[in-house]
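The exercises below concern salt bridges, nonpolar cores and model confidence, and each task is followed by a solution in steps.

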Amino acid sequence: MSGGGAAREDGVVVPLRRPGRPSGSTAGPAPGSSGEGGGAATGEGRADPASSARDAALEAARAAVRAARDAARAARGPAADLGRRARRATDVLARRVTGDYEVDELGFDRELTEAVLLDLLRPLHRRWFRVELRGAEHLPRRGGALLVANHSGTVGIDALMTMVAVHDDAPGGRHLRVLAADLVLAAPVLGDLARRAGITLASPDDAERLLRAGELVGVWPEGYKGVGKHFRDRYRLQRFGRGGFVASALRAGVPIVPCAIVGAEEVYPKIGDVAPLARLLGLPYVPVTPFFPLLGPLGLVPLPSRWVVELGEPVRTDLAPPATADDPAAVLDLADQVRETIQASLHELLLHRRSVWR
């Protein structure tokens, strides 16, 4: 800006000298004034009407700037953000009706997941379970990696909450591609939504394909043995199967990130199982909890336990000999190491947990 004015904090330009007065003059009557009138300020403090009008105009301008800034802040508030999200979700859903969208080779719809599916899960993640993600620095910002976690919660809700935590709370905003059982993907409606959210079949081929493509993959190796265990066995890790997830990570040369989840065991405390009904429906179990089926649909409301998802230091696989993935003993040994790391983290988290609910 030239020497005619200076900008104030509120954005209003204030003159550096009064009009008609030389820039180097000192305070006093302007040349040609009488000192007793003519509109100039006098020694007795009489105000110049033009100066008063100018001051009033400047104050009005400052007030207008403040009002504009307040309006801009309000526009960025929760209500406006909710409106923007609703408009985006409506647009995304409308294009799904017309077929104007893209998915990857495994059915992952990135845009739908970000605009709709994650928004549906966020109230549970942020308000109900109040999930806290720790150790986010251990998650690579780019490139393939395999997240391995303990399984619990009776219905596998821990995988969904981990997806939201990784996307929202870890640097980079990455999508966690969860490996799930075929029962989930074969379910009507639910299976299609799972595919759209990036969940895919827990098979070595799909896992290795995603890891080599640089994706972040999540696996819960306990399977139904972990998610459906009795409440008295909470936070006791079950077997990790044959360690197929380790072989996939070894072949892709990506790190394995151990993940310990505390809080999910208390969501639906399983105290029994209706085995005959489970066999009739072709399910691994039909759980009995303190509230279900006693309270009917009300018993399906998850208990609001407070969650901690802790990521451990990555286990490097790129340093292993090339043939390690084909050595069953070496694969099982590494799987046991990962399992023991997760179990130790669970014990540590439980030792310092003050309350299940807060």
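**Exercise 1.** State how many salt bridges the protein has, and examine the pair formed by D168 and R122.

*Solution.* Take a salt bridge to be a side-chain nitrogen of Lys or Arg within 4 Å of a carboxyl oxygen of Asp or Glu; by this rule the count comes to 21 salt bridges. The model is a predicted one, in which local features need pLDDT of at least 70 and side-chain atom pairs count only at pLDDT 80 or more, while totals for chains, interfaces and linings use all residues. Residues are numbered from 1 along each chain as its sequence is written, and side-chain values use heavy atoms, with hydrogens and water left out.

Next, consider the pair itself: the side chains of D168 and R122 meet at 2.6 Å, N to O. Because D168 lies in helix α4 and R122 in helix α3, the pair ties together parts that are 46 residues apart in sequence (helices, H or I, at least four residues, and strands, E, at least two, are DSSP runs numbered from the N terminus). Finally, compare burial, where buried means under 20% relative accessible area, exposed over 50%, and partly exposed in between, with a 1.4 Å probe and protein chains only: D168 is partly exposed at 23%, whereas R122 is buried at 9%.

**Exercise 2.** Locate the partners of the salt bridge between E215 and R177, and decide whether they are buried or exposed.

*Solution.* The closest N and O atoms of E215 and R177 are 3.7 Å apart. E215 sits in the loop between α7 (204–212) and β7 (216–219), and R177 in strand β5, 38 residues apart, so that the pair links distant parts of the chain. Both E215 and R177 are buried.

**Exercise 3.** Describe the largest nonpolar core and name the helix that gives the most to it.

*Solution.* A nonpolar core is a set of buried Ala, Val, Leu, Ile, Met, Phe, Trp, Tyr and Cys residues joined through side-chain atoms within 4.5 Å. The largest has 42 residues, and those with the most contacts inside it are L139, L147, L176, I261 and W307. Among the elements that give two or more residues to this core are α2 (78–98), α3 (110–128) and β8 (256–262), but α4 gives the most, with seven residues.

**Exercise 4.** Assess the confidence of the model.

*Solution.* With pLDDT as the predictor's confidence in each residue, from 0 to 100, the protein has a mean of 86, and 82% of its residues reach 70 or more. Over residues 7–45, however, the pLDDT is below 50.

Methods
Contact means heavy atoms within 4.5 Å.
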